[in-house]
Amino acid sequence: MAIKNIRTVEDNILKKVSKPVKEINDKIITLLDDMTDTMIDRNGVGLAAVQVGALRRVAIIDAPNTEEFGEDYDDEIIEMINPEILEINGQVIKNEGCLSIPGKAGTVSRPENLKVKFLNRDGESVIIEATGYRARAISHELDHLDGILFTDKVIEFTDNEK
């Protein structure tokens, strides 16, 4: 496993649409492991494969299913291959930032709740419902897979606090 360089906003790859994963093989498993190491090293709550230079529909999330990291936070990293949002409910406008856009933050409208379907590293189909911070993180990372940055949706730029 390795810590990868995170691509920043100057890199045009971030504006490209990621390609579906056709086969979950050792290369995809290594990508998931490297993404996890990189996200943890950078204190992130999510990371899309494109952010480490892999144009594949792969994302990971490490965010609680509430608005705050509380004592009951399960600290489980969700690995999503070929994710697709099935349902969106509500809207919350909050501040967010991005590892690929250091030093910038802004308010963005995201779903309050969502349902997402994806494959896990074992190739099993999984459907989860997410609320609060986890729903925001999933929405943010899945935008990356479509070449969308939070700055494309920002309502107002703020300071660098997330």
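**E8 and its partner**

I started at Thr-107 and looked for its bridge partner in E8, which turned out to be Glu-156. This is a predicted model, so I read everything below as such. Next I checked Gly-106, and its partner in E8 is Phe-157. Strand E5 covers residues 105-110, and I count its pairing with E8 as antiparallel over 3 bridges.

**The rest of that sheet**

I then went to the other pairing of E5. E4 and E5 also run antiparallel to each other, this time over 6 bridges. One pair I noted there is Ile-93 with Ser-109, the latter being in E5.

Put together, I get an open sheet of 3 strands, ordered E4-E5-E8, with antiparallel pairing. Which strands stand at the edges? They are E4 (92-97) and E8 (156-158); each has a single partner strand, so one side of each has no neighbour in the sheet. From one strand to the next I find an average twist of 40°.

Is E5 enclosed or open to the outside? I find 5 of its 6 residues buried, so E5 is largely enclosed by the rest of the structure.

**H2 over the sheet**

I looked at what lies across these strands. Helix H2, residues 132-145, lies across E4 and E5 and runs at about 60° to E4.

A salt bridge also joins H2 to E4: the side chains of Glu-96 and Arg-136 meet at 2.5 Å, N to O. Glu-96 sits in strand E4 and Arg-136 in helix H2, so to speak distant parts of the chain, 40 residues apart. I checked burial for both ends. Glu-96 is buried at 5% relative accessibility, and Arg-136 is buried too, at 7%.

I followed the charges outward from this pair. Glu-96 and Arg-136 belong to a network of salt bridges that also takes in Arg-110, Asp-143 and Lys-153.

**Other salt bridges**

My total for the model is 12 salt bridges. I picked out two more to look at.

The first is Lys-4 with Asp-34, at 3.8 Å from N to O. Lys-4 is in the segment before H1 and Asp-34 is in helix H1, so this pair ties together parts 30 residues apart in sequence. Are the two ends buried or exposed? Lys-4 is partly exposed, with 36% relative accessible area, whereas Asp-34 is buried at 7%.

The second is Arg-57 with Asp-146, where the side chains meet at 3.1 Å, N to O. This one links distant parts of the chain, 89 residues apart: Arg-57 is in the loop between E1 and E2, and Asp-146 is in the loop between H2 and helix H3 (150-153). Arg-57 counts as buried at 14% relative accessibility. Asp-146 is partly exposed at 36%.

**Helix H1**

I went back to H1, residues 26-41, to check its length. At 1.5 Å a residue its 16 residues should span 22 Å, and the end C-alpha atoms are 22 Å apart, which agrees.

At the N-terminal end I found a cap: a side-chain oxygen of Asn-25 lies 3.1 Å from the backbone nitrogen of Lys-27. After the helix comes Asn-43, and its phi is positive, near 60°.

Then I listed the buried residues of H1. They are Ile-28, Leu-31, Leu-32, Asp-34, Met-35, Thr-36, Thr-38 and Met-39. What do they pack against? I find strand E1 (46-48), strand E2 (58-61) and strand E3 (78-89). Asp-34, the salt-bridge partner of Lys-4, is thus on my buried list for H1 as well.

**Ile-128**

Last stop was Ile-128, in strand E7, residues 125-131. With 19% relative accessibility it falls under the 20% cut-off, so I log Ile-128 as buried.

Which residues does Ile-128 touch, leaving out those up to four places away in sequence? My list is Ile-78, Leu-114, Lys-115, Val-116, Phe-118 and Ile-138. I also took one C-alpha distance: Ile-128 and Leu-86 are 42 residues apart along the chain, and their C-alpha atoms are separated by 9.8 Å.

How values were computed
Residues are numbered from 1 along each chain as its sequence is written. This is a predicted model: local features need pLDDT of at least 70, side-chain atom pairs count only at pLDDT 80 or more; totals for chains, interfaces and linings use all residues. Side-chain values use heavy atoms; hydrogens and water are left out. Two strands pair if DSSP finds at least two bridges between them. Helices (H or I, at least four residues) and strands (E, at least two) are DSSP runs, numbered from the N terminus. Axes are lines fitted to C-alpha atoms, for helices over the stretch in contact, and angles run from 0 to 180 degrees between N-to-C directions. Contact means heavy atoms within 4.5 Å. Buried means under 20% relative accessible area, exposed over 50%, partly exposed in between (1.4 Å probe, protein chains only). The expected span of a helix is 1.5 Å times one less than its number of residues. A polar contact is a pair of N or O atoms within 3.5 Å; within protein, one must be able to donate a hydrogen and the other to accept it, and residues adjacent in sequence count only if both atoms are side-chain atoms. A salt bridge is a side-chain nitrogen of Lys or Arg within 4 Å of a carboxyl oxygen of Asp or Glu.
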